[in-house]
Amino acid sequence: TNWLKYDQESGTKFLDGIWPKLHLAIEWQLVQAAKYGLTGDLVNTFDEHGRIGDVNSYNAFMYLSSLSAAIRLANLTSSPNATFLAELVKAQSVGLETLNKLLWTGSFYRSFWCENNETSPNALQSDVLYGVVWDQMYNFDTPLPHDNLVSHLLTERKRNLTPYGMQFCTGRTTVGYHCDAAGKGKEELLKSRRHSHMYGSATVPGFTPNLGLGSSFADTDTWESATLNSGTLSLFLRATSDEEALGLSALILDKYRLTFRDQWDFRDLSSCYTGDVPGTTECVSRPVCNSHYTRQLIFWALLIALGGQRYNPETSALHLSPRRIISEEWPVTMATGSGLMRPVGHNITYTPIEHSRSPNPDGESRVAHTEGRALPGECYELEVYSGHIDVKQLVLFGATLAEEISLTSGDIAGYCFDSL
């Protein structure tokens, strides 16, 4: 939030005003990470599951991305502290090493790690890369291993994807999240109030269907934001084709639009019950937990990913590289305003580029992608629908299209590549 506030609104004056308290918050994180190299012994948004391990992947990626934001903010204060900056850089380096050592399995990042080795080494939890989505949206450029992230997304899609979205976790055994050798984990599993149905292809050796944590949550619940984030991150990282990535988001939107018929009330998650149809084990998915859950608004990150949008606050440069799938018109979304951009009198030229996927359980595979090209004489227009958009440089497909742009709601401005 503080990065966004600096990023597109208030600049150094705002940052200097909050820096003393922000500095304390960053130091608190460093203290939490002192023992393991990553923040440990903490809960997170999956709080009904309690504390997930001594170290868990969800918190780890949030921590590493927040360090990148902290490093950039510390550099942008009016009086940067070199000693504190060095401490942040070192902490992130240690954290990245710990991430690989404790959580990377060779094909995905395991859900959690326990110091006493009372863990589930094959537990794959959906949405642990949530922090990476924010990292991509705000260009924190945390030096995370791209191939590992892609491999995780592909493995998550293979193991956790159900007809209703990404289920919470697969591969977890009766060793619970509490790193408890005395069997508390098994006891909690057996207390489950829910009889969830496994979906065939998602069944994983070592995972027991129909068992979940003793709270109202179960491993087979589908988390709507997890599915949306998996699709968005697949776009950012080009892990799959654009169509495959968008298909994940469509799965959730269509579930609420067509199956639940309640597209204006997204819940936190949904669950698949058995026995609702007498005499059968037919799975019936239903919305569960809370109402009008704002976390699902993360789907707006899709717009940034599709538009290839990157904003550099240091130079006030807005970079756009829309995917071919939306090349006729694409959104421009900033904290201060939003609009649509489109080519005028021509179709965008795209050049095929092949990006390698990382090794995955099915072996090496490749997926073809394209990149747009900036050509002399081609023109574009930007129409602002709300707020205002002010940037010093507008860059499209790596080439400067215009400079010193200041537009407000209702404005339509045209720009052309005169020469390149």
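**Close-ups of a predicted model**

**View 1. A buried salt bridge between D242 and R323.** In this predicted model, the side chains of D242 and R323 come together in a salt bridge, 2.8 Å from N to O. D242 sits in helix α8 and R323 in the loop between β11 (317-320) and β12 (330-333), so the bridge ties together parts of the chain that are 81 residues apart in sequence. Both D242 and R323 are buried. The chain as a whole has nine salt bridges, and two further views below pick up others.

**View 2. Helix α7 meets helix α8 through E224 and K255.** Here a salt bridge joins the side chains of E224 and K255, at 2.9 Å from N to O. E224 belongs to helix α7 and K255 to helix α8 (residues 242-259), and the two residues are 31 apart, so look for distant parts of the chain being linked. E224 has a relative accessible area of 0% and is buried. K255 counts as buried too, at 3%.

**View 3. R342 and E381 bridge two strands.** The closest N and O atoms of the R342–E381 salt bridge are 2.5 Å apart. R342 is in strand β13 (residues 337-344) and E381 is in strand β16 (residues 379-396), with their positions 39 residues apart in the chain. R342 counts as buried at 14% relative accessibility, whereas E381, at 22%, is partly exposed. This pair also has company: salt bridges with shared partners join E329, R342, E381 and E383 into one network.

**View 4. Helix α4 in its surroundings.** Seven of the eight residues of α4 (residues 130-137) are buried, so the rest of the structure largely encloses this helix. The buried ones are Y130, G131, V132, V133, D135, Q136 and M137. They pack against α2, α5, α7 (224-237), α9 and β10 (310-312). Just past the helix, keep an eye on N139, which takes a positive phi of about 55 degrees.

**View 5. Helix α5, mostly under cover.** Helix α5 (residues 146-160) spans 21 Å from its first C-alpha to its last, close to the 21 Å expected for its 15 residues. Eleven of those 15 residues are buried, among them N148, H152, E156 and R159.

**View 6. T98 and L103 on helix α3.** T98 is found in helix α3 (residues 82-103) and is buried, at 9% relative accessible area. Setting aside neighbours within four places in sequence, T98 is in contact with Y36, G37, L38 and L103. The C-alpha atoms of T98 and Y36 are 7.5 Å apart, although 62 residues separate them along the chain. L103 touches T98 as well, along with residues including L38, V55, F108 and W113.

**View 7. The largest nonpolar core.** This core has 103 residues, and the members touching the most others are L88, L99, L103, M341, Y380, L394 and Y415. Helix α2 (residues 57-76) brings the largest share, twelve residues. In soluble globular proteins, nonpolar side chains tend to be buried together.

**View 8. A nonpolar patch on the surface.** L297, F299, W300 and L303 form this patch, with about 330 Å² of accessible area together. W300 lies in the loop between β9 (284-288) and α9 (301-306), and counts as partly exposed at 30% relative accessibility. For the wider setting, the chain exposes about 18,200 Å², with carbon and sulfur atoms supplying 52% of that.

Definitions and conventions: Residues are numbered from 1 along each chain as its sequence is written. This is a predicted model: local features need pLDDT of at least 70, side-chain atom pairs count only at pLDDT 80 or more; totals for chains, interfaces and linings use all residues. Side-chain values use heavy atoms; hydrogens and water are left out. Accessible areas come from the Shrake-Rupley method with a 1.4 Å probe; for residues, only the protein chains shown count as cover. Helices (H or I, at least four residues) and strands (E, at least two) are DSSP runs, numbered from the N terminus. The expected span of a helix is 1.5 Å times one less than its number of residues. Buried means under 20% relative accessible area, exposed over 50%, partly exposed in between (1.4 Å probe, protein chains only). A nonpolar core is a set of buried Ala, Val, Leu, Ile, Met, Phe, Trp, Tyr and Cys residues joined through side-chain atoms within 4.5 Å. Contact means heavy atoms within 4.5 Å. Patches are made of residues with over 30% relative accessible area and no salt bridge: like charges are joined within 9 Å, nonpolar side chains (Val, Leu, Ile, Met, Phe, Trp, Tyr) within 5 Å. A salt bridge is a side-chain nitrogen of Lys or Arg within 4 Å of a carboxyl oxygen of Asp or Glu.
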